[in-house]
Number of protein chains: 4
Amino acid sequence: MSTPARSERGTHRRLREEVAALHGHLVRYQLVTWTAGNVSARVPGEDLFVIKASGVDYESLDWRGVVVCDLDGNLVDGEHAPSSDTAAHAFVYRSRADVGGQVHTHSPYATAWAARGEPIPCVLTAMADEFGGPIPVGPFAIIGDDSIGRGVVATLQGSRSPAVLMQNHGVFTIGKDARSAVKAAVMTEDVARTVHLSRQHGEPLPIPTDAVDKLYNRYQNVYGQR
Amino acid sequence: MSTPARSERGTHRRLREEVAALHGHLVRYQLVTWTAGNVSARVPGEDLFVIKASGVDYESLDWRGVVVCDLDGNLVDGEHAPSSDTAAHAFVYRSRADVGGQVHTHSPYATAWAARGEPIPCVLTAMADEFGGPIPVGPFAIIGDDSIGRGVVATLQGSRSPAVLMQNHGVFTIGKDARSAVKAAVMTEDVARTVHLSRQHGEPLPIPTDAVDKLYNRYQNVYGQR
Amino acid sequence: MSTPARSERGTHRRLREEVAALHGHLVRYQLVTWTAGNVSARVPGEDLFVIKASGVDYESLDWRGVVVCDLDGNLVDGEHAPSSDTAAHAFVYRSRADVGGQVHTHSPYATAWAARGEPIPCVLTAMADEFGGPIPVGPFAIIGDDSIGRGVVATLQGSRSPAVLMQNHGVFTIGKDARSAVKAAVMTEDVARTVHLSRQHGEPLPIPTDAVDKLYNRYQNVYGQR
Amino acid sequence: MSTPARSERGTHRRLREEVAALHGHLVRYQLVTWTAGNVSARVPGEDLFVIKASGVDYESLDWRGVVVCDLDGNLVDGEHAPSSDTAAHAFVYRSRADVGGQVHTHSPYATAWAARGEPIPCVLTAMADEFGGPIPVGPFAIIGDDSIGRGVVATLQGSRSPAVLMQNHGVFTIGKDARSAVKAAVMTEDVARTVHLSRQHGEPLPIPTDAVDKLYNRYQNVYGQR
């Protein structure tokens with residue numbers, strides 16, 4: 001554990017402040033309940049990442065509620081025990097050098113698909129844009145060791161989706177940075193809900209594969225400000 | 001009834017302030033409508049508890065809207081008549097020395113299960129964590145005497161769930177303190193909604209019993225800050 | 001139309017302020033969209049009532065957006081044309097001396113029942129408390145003359161419910177004052193939603209008639225502060 | 001691109017401020033997620049329109065996030081690239097001189113209908129008022145060229161509806177000005193949700209065509225302040 005003196009200054013304070021603030025999106029979009037859910041970010045150029053502490057309230061969350069861990073998930077700086085999902089985040093950072101940020105939620109519509117172990121089909125242009133195809137389902141895995149991290153990495157292998165639905169559990173997303181992973185988590189719940197609603201009165205129409213490809217390539221390369 | 005002089009000071013003011021503030025979670029998570037719902041807390045070391053007064057607005061709720069009762073439900077201090085659910089809370093405090101807080105709501109998804117008299121199956125890891133199994137259903141009982149309290153106590157006997165769905169009525173939760181009972185009420189609506197949504201497009205996959213046990217034991221003993 | 005001088009002072013300003021503020025509940029509980037919906041209140045001791053003006057934004061609504069009408073629905077004081085539902089409110093005030101306030105909304109779950117022309121069955125204790133039975137459905141009626149008012153009065157005849165679902169249209173509620181009618185509108189949407197959700201996975205259990213009667217009588221006579 | 005000096009002053013600043021502010025309704029009614037969705041307005045008396053820039057956050061949106069384009073969709077003033085839907089808006093302004101404002105969203109209930117390619121039937125009086133009939137569905141079209149604009153114009157030909165559901169995509173609305181188009185987008189989601197909910201428990205009752213006509217004509221000519 002860090003000494004009080006050390007943590008009053010706190011290392012990586014700017015990144016911890018940024019990650020603390022990004023949790024606000026999870027609250028605003030109602031992706032999280034009570035203290036569940038978390039955002040993490042790799043520390044650029046170091047074998048470290050920052051992640052929400054375990055069981056911390058969103059209302060009082062500031063940089064002190066975001067702690068620093070090494071890539072084995074050991075606490076390196078901060079007053080609080082790290083999220084109970086730390087081992088999963090650590091595994092993903094170790095396995096994929098391209099991942100700079102991760103998010104985990106139990107957002108309700110997406111978790112409803114996860115509880116059935118059913119991928120979300122790509123029937124919306126917004127889904128083609130962000131996910132480039134269906135959102136896949138990962139295995140049932142118990143929290144606390146590498147199982148969840150392994151499941152996330154294996155399931156995202158060969159998919160363009162930055163999101164995976166872990167069976168009976170919830171959503172894990174990755175991104176080049178924490179903000180991208182937060183966006184993916186927000187969009188996952190959005191499309192999970194719209195496709196859920198659509199199927200309640202019939203079958204949504206499929207989007208041809210080549211149109212999905214065109215939409216994905218355009219959105220990834222043209223959308224937004226350059 | 002308390003004299004004005006007595007209640008301007010007010011006994012147990014700190015606990016009443018805390019309980020008044022905890023009602024804010026019921027509003028924020030949209031578990032309550034108009035003046036329905038209530039939180040209570042046992043007064044540590046005394047045969048008393050504090051509970052929301054009957055028909056008081058959430059917007060203007062402060063410590064004056066939380067009154068002090070003895071374990072038979074009689075008003076001991078406060079300007080207002082206690083909640084019409086006071087007899088139920090009192091019965092639970094008399095029957096279970098381990099209960100330090102209780103919450104009652106008509107939160108919509110959970111009450112939808114209650115209206116069918118159907119327990120919520122444990123098909124989410126978040127549900128295994130908090131409830132350790134299904135959320136059970138208690139009997140139909142008329143308000144005003146011991147019936148509801150008896151139903152709550154009998155139904156929670158031999159269950160790890162801190163929540164019970166009273167048939168055609170709503171949710172009652174218990175906890176070691178009022179905050180724990182509030183958390184249980186919030187999580188009850190959360191899982192009631194996700195499982196409801198999941199079943200709209202098929203049957204959610206079951207979680208093996210030993211996995212439920214492992215998740216429950218880990219969450220109760222490892223999660224959060226020690 | 002009132003002269004500027006007259007309306008700057010404004011008659012019945014206190015009641016118009018109160019009614020303007022009561023519209024805040026319609027917004028908070030998401031019962032209204034854009035400028036739809038309205039609250040009215042009888043002026044005690046006069047053959048007048050106050051009602052929201054037509055097409056006024058909720059965000060800028062103050063006493064000036066609530067105008068004074070006689071019981072034939074003619075504007076008596078105020079700068080704006082009264083609500084297009086004024087004829088309906090006027091008919092109800094003329095027909096029922098016991099009604100001191102009315103509310104109209106298109107709240108989504110209740111209007112979903114109204115579009116099918118289906119009454120909401122009384123399967124929740126909260127519904128027995130407030131409505132004393134099912135919420136009935138009134139006829140399809142065109143806006144602009146007495147048709148809606150006649151339908152409301154005829155349908156509520158012989159019902160304990162303060163709310164009626166007008167077919168393909170929405171909710172009309174009555175009360176001894178405007179606040180009671182607002183409460184009824186809020187509770188109508190709340191129970192419309194819970195019963196809707198409950199029926200999505202089976203049939204809600206009925207509540208025996210004598211239990212409905214007991215709950216209704218208790219709530220009307222014992223609940224709240226005396 | 002505009003020079004800093006030019007854009008610090010900014011042309012058409014008043015209209016850009018108004019359009020920036022109108023986006024607040026999309027957020028308030030939860031019609032948009034992350035940076036998706038946009039409002040545009042024709043510049044009166046000029047062959048120009050203003051539109052939200054691409055990928056701009058709603059939280060920080062001010063007049064600088066609304067840029068000026070010509071009717072071919074080329075940027076004329078502003079620091080940011082225009083919305084990726086600019087070609088669609090431009091096509092509609094070129095084709096229909098009566099259109100002064102447009103809105104695009106992926107609002108969830110309306111997009112659920114769009115994903116099935118199913119028009120929303122006119123079974124609510126509020127729908128007859130605003131849309132004068134069903135809300136029609138346009139073709140599947142890829143973003144980036146005239147396809148979406150052509151689909152919108154062709155589908156609204158001969159319909160009284162100011163809204164079209166573009167298949168697998170979302171909502172496009174038109175109006176005499178931007179505020180009217182925003183209102184249409186808000187009402188589209190409102191009626192999409194209520195009709196969706198109504199059909200979950202049976203078939204909504206139809207409204208006779210002549211009643212739809214009467215309601216539409218009255219609402220367009222009498223409702224609101226003159």
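Hi everyone, here is a short tour of how the chains of this model fit together.

Before we look, a word on conventions: this is a predicted model, in which local features need pLDDT of at least 70, side-chain atom pairs count only at pLDDT 80 or more, and totals for chains, interfaces and linings use all residues. Residues are numbered from 1 along each chain as its sequence is written, chains are lettered from A and ligands numbered from 1 in the order in which they are written, and side-chain values use heavy atoms, leaving out hydrogens and water.

Let's start with symmetry. Chain D lands on chain A after a rotation of 90 degrees with 0.0 Å of shift along the axis, at an RMSD of 0.0 Å (least squares on the C-alpha atoms of residues with pLDDT of at least 70 in both copies). That is how a four-fold axis relates copies. In chain D, the C-alpha nearest that axis belongs to D:Gln200, at 5.5 Å.

Now, the side facing chain C. Here 31 residues of chain D contact 32 of chain C, contact meaning heavy atoms within 4.5 Å. The two chains bury about 2900 Å², 57% of it on carbon and sulfur atoms; buried area is the accessible area (1.4 Å probe) that two parts lose on being put together, summed over both. D:His201, D:Tyr223 and D:Gln225 supply 23% of what chain D buries there, more than any other three residues. Two salt bridges cross this interface, where a salt bridge is a side-chain nitrogen of Lys or Arg within 4 Å of a carboxyl oxygen of Asp or Glu. One of the salt bridges joins D:Arg179 and C:Asp57, at 3.1 Å from N to O.

Let's turn to the side facing chain A. There, 32 residues of chain D touch 31 of chain A, and the pair buries about 2900 Å², again 57% on carbon and sulfur atoms. This time D:Thr33, D:Trp34 and D:Arg116 supply 27% of the area that chain D buries, more than any other three residues. Two salt bridges are found here as well, including A:Arg28 with D:Glu59, whose closest N and O atoms are 3.0 Å apart.

So how do the copies meet? Only 3% of the interface residues of chain D are also interface residues in chain A, so the copies meet through different surfaces.

Thanks for listening!
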